[in-house]
Each structure stands twice: as C-alpha cells, then as structure tokens.
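This report reviews the side-chain contacts of one protein chain. It takes up aromatic pairs, disulfides and charged contacts in turn.

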Amino acid sequence: HFFTNTTRVFFNFNKDTELVGIKDSSVLVYDVSKPLIDKDRRFAKPCFNASCEQGCDEMSGQCICLKGYKLSATGECMDVNECMDGKAKCDPEAGCHNRKGTYDCICGEDFYGNGKICRECKLKCPDRHYEVSPCSQEIQKICKACTQSCRTGYYMAQPCSSHENAMCRVCRPECLPGEFESRQCTNYHDRECRNLTNLMPPLTSKNIILEEKRHIKEDRAKLDKLPAHYVGFTRYKLFRGTGIHLELTVRFIDAAQQFVPISASHPFSLDLGAPSVLKSYSVQRYCSTPTPDYYILRHKKLENVTFKQNDNGSIDACETHKTSPDFLPSLAGNNQSFLCSQPGSLTNIFSIDEDFFLARTKWVDKSKRCQRNSRACEACIRKCGTDNMFSGDPTCSVAGTSSGGDDYAESPRLMMCYNCCVKRNCSTDCKDYHKRKCQPEQCSKGNLLEFTIEPSWDSSHDGRFFCHIGPSHQQHLLELDYSVHAEASATPLHVSKVMIYGDKLWEQTGAIQHSDGILDIAINSSLGTVPDFLEGATSFQNGVFKVGTYKSHGSQLGTSAIRPDFVFIRPSEPHGVPIMPGAHQECTHVALNNMLLASNMENPYIHDWKLEAVANGSFPFIITNKAQDPVVMATLPRNVSILKKLFAPVSLNVNSFSGDLRQNSSHWLVTVQAETTNCPGFLHMTLLDPNYPSKVLFDCDLAVLCPNKFSISFALPTADKLGLHRDVIVTVTDKMGENHFRIYRRASIGEKVAEDANSEEIVKPIASDIPTQYAVKGEKEKKDIDGQPVQEMTNLPLAFPYLLMLNGSVLLLLVLAILGLCFQPALPVPETPYARWYHPFFATGYMMFQFIYSAFVSGTIFFLILTVITSHHVNFVVSRGQSGAVSTASSHIELLQLQRHLEGEISKQDSQADAAQKVCMQDMKKIVTDMKKFHLLLLDSTKDIFERHRLDLLLSQQKLHVREKLMKDLENFRMFSITIAGWMVP
C-alpha cells in the first residue's frame, strides 16, 4: 500500500496524465508546472505564509489547484470542463458528463462499458468474463470477471462460460480412518479418498528385509497327533505375507489331558466296613482309595452317664476305679463318633428337647483305698453327729422344743460339741484320707448324645466303584523345532526349540497358551469342564471308564430338620469328610453342618456323556471328548515384530539420509536412501501425510543387512493434476530415538488458493504491471479488454498538422508535374499518325482520369480550408454530440434509479402487506378457534335438548304402555269377578 490518506501526487499540467484505480478521495492530486522537488531547497518553506484555497507549490510558493481545477486570475480554483475543452478521454461511442474536479464517461445506447472503453452490445463479453444481463432500454449489458480460483476447501466444479460464472463447491470431508487422500482438494479437482489396502508394499534394495505392518497376515496351522514312526518328519510352514515364513518340525505331541487318582487321607479306612471287592486288585490298580457313595450320620442317647466336663469345653471320662456301665469309657482313638452334653445346632436338626441334657454333680474317688478311707472318715463324722444329739449330756443334747421357737430345738452348744467329737475321734481316719491325696474328682451325671458317621459303598453291590481324580502335574504336551526364513537371506534368520508342559491353568481348564515372542501355540484338550470324578467296574476292566463332575451343591445339613435318628449326607468335595472331635460339651459341629444331604438312590456325580476315560492297565487315565479331538494350534501372529525380536537396534547416519518425491500419471513416488552406522540391525520407518498427522500411510520394520547402505521406494496412488505441490514426512526410529524428515516437491503450475473477488464494475481494464494497490498510468496505447489496440479519435484541431503535411505533398507533386510539362526538352515531332478506332477510347479515359484527379485535389484543398476555418464550430458540434450522449446516459441512470426506488417501494409495500396478512391470518385463526368452540358448545346444548326431548318421548310412551296394561288388567279382573259371581249365585 504505497498511497496513504495524506499522499499528494503532483502532475505536470502540460502532460496529459491521470491517476487510475483511485477509490479513496483523500489522495490529493495536483497539476503543477514543475513536479520535481529540488533537493537543495528541501529545507526551504516558501508556502509558510501562503494562503491558498487548495494547495501551495513547495517549489515556487504559488497557489496550485487540484487536478480538474485551474487557477484563475483572482487566485481562485475554478472547475475545468474537460468535456468542453476536449480533454475528456472517453470512447467515441460514449458521452461525457462534467463534474466538479472530474468527469464521467457513459457509453451510449447499444454499447456498454466503463465509458473509457465501450463495446457493442451484440459482441460477446471479453475473455475471462461472463454475461450477467444483456443490453436493454433500461440498463447496459453487464459483464463480470470470471472466478479464476476457489478459496481454500473448495474446488472448481464447473468452469466459467459465456453466460455463467465458474462454480466452486466444497470439497468432500477429510478422509476417514482406514483411508488415505489420493487426490488433494485444490482449485483443479475435489478431494478423493481410497482405502489403505490400495497401498502396495514398498520396494527395497537387496540388503533390506522389510515388513509393512498393513500387509502382514496371520497364519496358523493345526498340529496333528502323529504315529511314533512319523515323529520328527512332519513339517509345517507359516507365512507372514511379507516374504518371511516359519518352518516347524514336531518332535512330540500329546494334547489329551491325563488324570490320576487322588489318594485322600480321610478318617475311614477300607478295613473298617468296606466291601472286600474294593480291596481287590481289579480296583486297587486304578484307585487305591475309592470314594463312598454317601455317609450315614446317626445319633444315640446315653442316659445316666457319669462324665467329666473340662474348662475348655471338652468331655472326658472320670478317673475312677469303677467299671460300671454308668461311667463313660475312654474316648481316645475314636474318629467316627462325637459326644456332646449340651444343646446345639445338631440337636436342633434332629429335634431333641433341651431337657434331655439335665445333669447333676457327682464326686468320684480315684481308687479303692481312697474309697475305704473316705467311707471310714464319713462314718466317724456321721457317728459324732448322732451321738451328740442323743447323748445324756445336757450341754450337747437337744433340749427340746423351745418355747420361743428361735433355736429350732437345737442346743446352743451342739455345734461346738460336734466339732470337738470329730476332732477327738475322727482325726486319724480323715487325716489318712487327705494325706494320701485322695481328693475326690468332681464329675457330672446325666444324659449324653453320641453322633456317629460311617461310609456306605452301596455301588459296590452293583459292581461299581467311584474314584476322585485330578489332572497330572507337569504333563508333557508338546516339543517342536522351528526356523525363521526370509526371501532376502539364503540362511535361516533364527532357529529355536519349544517344549511345553502343563501348568496350573492347564490343570484347571484343560487349555494352555504359550508364546516365545515369535510363535504362539494354543493347546486345548476339548474337554470343556475338567472332570474330577470317575466311575469304574469292580469286575474285569476293559480300560474304559465314565467320568464327570462331583455334585458339590445341594441342601446343607445345617439348614434341614430331621425326624429319624439317622440321615444320608455327603461332603461338598470328594473325600471332604471332617474328623470327628471325639467329645464336646456343645452339640455343634460346623463341618457337619456344611455337609450336603444325600440319597441312596442317586450317584454322587454328574456323568458327562461326551467324555470318556481310557487307561492302559493302570493310571494315568487319558480323558478325551468323543465328539471333538484335542487341538494344537500354532499361530504366527500379525501383531508381533519378528525383525525387532531377531535384530538389535542400530543407529542411523542422519547426514546420509536423502529423499526424492516425484509424480507420474498415476502415483507419487517417494524414494529414501540412507545408511546405518553398522550392520546388520533393526530400524522402524513410517511415512505419513502432514495433513493427516495421526494417520500413518506406511508402517515398516526394517532389517538392514550388510552392506549398511539401503534404499526404499514408496508408491502412493494419486489422481492429482500434474505439477501440484506435495510433501510427506518420513520418521525413522533407530537406537538413539526418532528422526523426522520432510520430503516435498514445489508446485510447477500456478495454483491460487484465495478466490478472486467479483468486481462490481461493468468492465474492468487490465491492471498495470506495477504490483501496488494504485498504478500511475501515463500516455500509453489504449487497449480494450481483450488487449487489442483501440483507435482513439482525437479532436480535429490536433490533427491539422498531419492534414497540412498531406496536402503539401500533393501540391508539391502538382508543381513538379507542371514544371515537367513546361520545361520538357524538344523532341522530334513524329509524323501525324492516322486515326485509329481505339483512339477515342483512350482519349475519353484520359479525360475522365484527369477530371477525377482534379476533383480530388480540389476537394482536398477545399476540405483543408474548411477545416481550418470551422475547427471551433466542429469541436462545438462534437461536444454537443457528447452532451447528447451524456443526456441519454443520464436519462438511463435516472430511469434506473427510479426503477430501483419503485422496486424498493414495492418490496416495502409487499412486506407491509405480508405483515398485515400474517396479523389477519392470526385473527382468522382465533375466530376459527372460537367458532369451533361455539360449535362444540352448540352441539353439546343441542344434544342435551335432544336427550331431554327423547326422554320426554320415552316417558310418554311408558305412560301410555302402563295405562294400556293397567286397563287391560282391570278389564281382565272385572271379567274374572263377573265369572266368580256367576258361579256363586245358585
């Protein structure tokens, strides 16, 4: 922006110059005699005290006027009429309209343009312009500049035509995940997206092993169980789809799950009540501890039993010399019974009354000697009591019944006499009893409950037995060798051996997963639910067994009520029978309460019909699914980087990196060349579009073999116009970190992003070569919109020198011709020829040519004289013609303004009419709503009237009906009365 609001431009008034492209009137333009500033007078201020109307010349100090004005003799600035003075530069077909300080050029009828250049209406719009409206009597033809380019985010869907502007449309949205931009959104075409699967793998040099992650495929192979003589010869191949594959050799495979019997340490031995068949070899070789079908819990009442209750809540036998049945025997070593002396949860189960457990204290001697001493001491003490009471000594005997009744017939000295007797007579016997530590033991005598539990093997009577089984520990499942091969390497990249043994997960689920970072192996026994219970025959075995899962759920004993004195129970787990505590005061046993109710009519396990167990002479049992074989699946996963696993990271020589980006008719080709610090090694390389920073186009793993220099070429399918700009970002991850490189190609065609602004002018001339907002235009050859020269018609007085030169040349030729005839040298006079027939024709032609020549010369001279004499009048006539064109154009402008005013008034009236109509419609809606309400009220009232009228009619009809029926009944009664009276008369 060179010009500002305070810019002043000085023109030489002797030169025909003007400032074009000015849209801001604040720029001051002056006509001066010498528009040059003298550098020697740059500090002088001649205009310091000058008082001028429009401006002052800084060189001379004289007043000056703006362009379009001239300084009068009085020092005032007067308007210059460019139209009358002939200084207006309007098209010959345009009229001139003077304004203060300037003038306007307006094209005449049947022409259009800006006045400086006018074109006929019948001609087409200039190039890169389109017709908005044709010429008419009211307005001129309007041509607007075509849109040359669309703004960012738009593309040109339709080029500009003679009657329609170019059409810009919004480009389609950015590409979705899983797509890449194959054609950019530019002025030339819309955005196009393609699926990422259309990207082909990169091409590499021979020393590169490359895996593009999008093209990696997952491959798997089912490993079959092999006969013994084929082990080590079966080969499987797994392909990655990138030139890398694995070769597998199976050495051992056994995916069927193996089970062994679980020897539980329960309190019951097979020697105690177990059938002999369970102890036979046919059963023991498969299961050493068969599981009972169920257990029987019984209770027995022991009444009037002497026992000892300890402080810790347990019950023991009293230490006594007696062996009578009322003493509790020793309880040591009995794990099948349980004694209790107080109510508890078990008594509630069997509904035993609490009064059953009443007991009293009993002192018991430990030996016969203590018993004899105790009896002697006791007899002596008893004897002292009786002797003193009935002796003759009045001081110690009973005095009789007291009159007052306070001594209860007891002597006051009775107790003293009793103590004296015991001390004198019983000291020897009682002292010996206590001296020998014969302190009696405090026991209890009352009732006890005895609970016993015993196993039952009812299935053995049917020739069956049950066994609790579990998976074998550390089962050998698989052994194989594999090697990794690549097309770029003649030798294997890696060789490894895999050995798989069962773990806890295998024992719990029958499935196991193994991975070494390259190869994944999944082993599934196909059993589904792992069995834990086995059923076999007690007779001769064929090696086939039934299996299933133990019934670990059911009704618990603690939540039941039992009337009989026994119940069938089983533990929640095989061999989960609790050890009986022997004896306890409270009849409570938590483990017994958690036992499940059982039945002697059903098996303790759920048979799985799909499974089958096989044993070869002895365990382990091999359990398989009859409908599905075990599966061993080897998988080469796609989400594992094999090259990263096999090669160590290396460093990239950043200075050696170079890239190239080229375009052909179908692809963008990206070529990358670099080298590593050493080899072999691993690199990771990605390529992405900067417009989609989160979307990777190529994600590659590289193994750089020796030598360390390598190259990679990427191909991006494209439909871009040739010559567009494009850039990509290549990221290389090496040992040290990430390295980002931007590879770009500049556009070779002029691609504009911003959309051209549509000019409101009818015709806009081509701008000057000066790249500024304003352009100073001098005397140049005029050109039209198409760039062709325009013949400018100047005023006649200005063409007079040219006409004078032409006429002078003609006169000079005439003078030379006359002189030639006058001074022609003497020549011999020829003999007079005879007249010929064609001589008249030549004479006539000569005379006509001479006449035409004379007329032309005379007319030219006359025209020159007339032009010189009437030049002022001709200028006046031309200006009058321009004034007429201006009047016509002004009339057109006035008509156009009037039309616009009328259109505005009509639009205003229409808007007011629409508003009034809207108000009227709202009022009509209210009226219609009120009418509907009134109609409904009228219908309701009419309905009520009709209902009342109908009710009156029904009442009237009912009255008539009742009246008629009453009259008929009265008539019948009268006739009946007459008949009865007739019968009664004799």
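How many aromatic pairs does the structure hold? The structure, which is a predicted model, holds 14 aromatic pairs. One of them joins Phe-466 and Tyr-605 in an edge-to-face arrangement, with 5.8 Å centre to centre and 65 degrees between the planes. Because Phe-466 belongs to strand β29 (residues 464-471) and Tyr-605 to strand β39 (residues 605-607), this pair ties together parts that are 139 residues apart in sequence. Phe-466 is buried, its relative accessible area being 1%, and Tyr-605 is likewise classed as buried, at 4%.

A further edge-to-face pair consists of Phe-545 and Phe-621, at 5.2 Å centre to centre and 80 degrees between the planes. Phe-545 is found in strand β35 (residues 544-550) and Phe-621 in strand β41 (residues 621-625), so that distant parts of the chain, 76 residues apart, are linked. Both Phe-545 and Phe-621 are buried. Ring pairs also assemble a cluster from Phe-466, Phe-533, Tyr-550 and Tyr-605.

**Disulfides**

The whole structure contains 14 disulfides. Three of them are set out below, including their sulfur separations and the handedness of the link.

| Disulfide | S to S distance | Torsion about the S-S bond | Handedness |
|---|---|---|---|
| Cys-83 and Cys-96 | 1.7 Å | about -70 degrees | left-handed |
| Cys-171 and Cys-185 | 1.9 Å | 75 degrees | right-handed |
| Cys-340 and Cys-587 | 1.8 Å | 90 degrees | right-handed |

The link of Cys-340 and Cys-587 is right-handed. Since Cys-340 lies in strand β26 (residues 337-342) and Cys-587 in the loop between β37 (582-586) and α8 (590-593), the pair ties together parts that are 247 residues apart in sequence. Cys-340 is buried, with a relative accessible area of 0%; for Cys-587 the value is 0%, and this residue is buried too.

The disulfide of Cys-83 and Cys-96 is left-handed, because the torsion about its S-S bond is about -70 degrees. With Cys-83 in helix α1 (residues 82-85) and Cys-96 in strand β8 (residues 94-99), the connected parts are 13 residues apart in sequence. Cys-83 is buried at 10% relative accessible area, and Cys-96 counts as buried at 5%.

**Charged contacts**

A search of the whole structure yields 20 salt bridges. Among them is the contact between Lys-213 and Asp-699, whose closest N and O atoms are 4.0 Å apart. Lys-213 is placed in the loop between β19 (208-212) and β20 (219-222) and Asp-699 in strand β46 (residues 696-704), a link between distant parts of the chain that are 486 residues apart. Lys-213 counts as partly exposed, at 34% relative accessibility.

In the salt bridge of Asp-481 with Arg-251, the closest N and O atoms are 2.9 Å apart. Here strand β30 (residues 476-486), which holds Asp-481, is linked to strand β22 (residues 244-253), which holds Arg-251; the two residues are 230 residues apart. Arg-251 has a relative accessible area of 35% and is partly exposed.

Glu-192 and Arg-194 also meet through their side chains in a salt bridge, at 3.6 Å from N to O. Glu-192 is partly exposed at 23% relative accessibility, as is Arg-194 at 28%. Asp-462, Arg-464 and Glu-535 are joined in a network of salt bridges.

Two contacts place a charge over a ring. The charged end of Arg-151 sits over the ring of Tyr-154, 4.3 Å from its centre, while that of Arg-298 sits over the ring of Phe-566, 5.6 Å from its centre.

Methods: Residues are numbered from 1 along each chain as its sequence is written. This is a predicted model: local features need pLDDT of at least 70, side-chain atom pairs count only at pLDDT 80 or more; totals for chains, interfaces and linings use all residues. Side-chain values use heavy atoms; hydrogens and water are left out. Buried means under 20% relative accessible area, exposed over 50%, partly exposed in between (1.4 Å probe, protein chains only). Helices (H or I, at least four residues) and strands (E, at least two) are DSSP runs, numbered from the N terminus. Rings of Phe, Tyr and Trp (its six-membered ring) pair if their centres lie within 6.5 Å; planes under 30 degrees apart count as stacked, over 60 as edge-to-face and the rest as tilted. A charge sits over a ring if NZ of Lys or CZ of Arg is within 6 Å of the ring centre and within 35 degrees of the ring normal. A disulfide is a pair of cysteine sulfur atoms within 2.5 Å.
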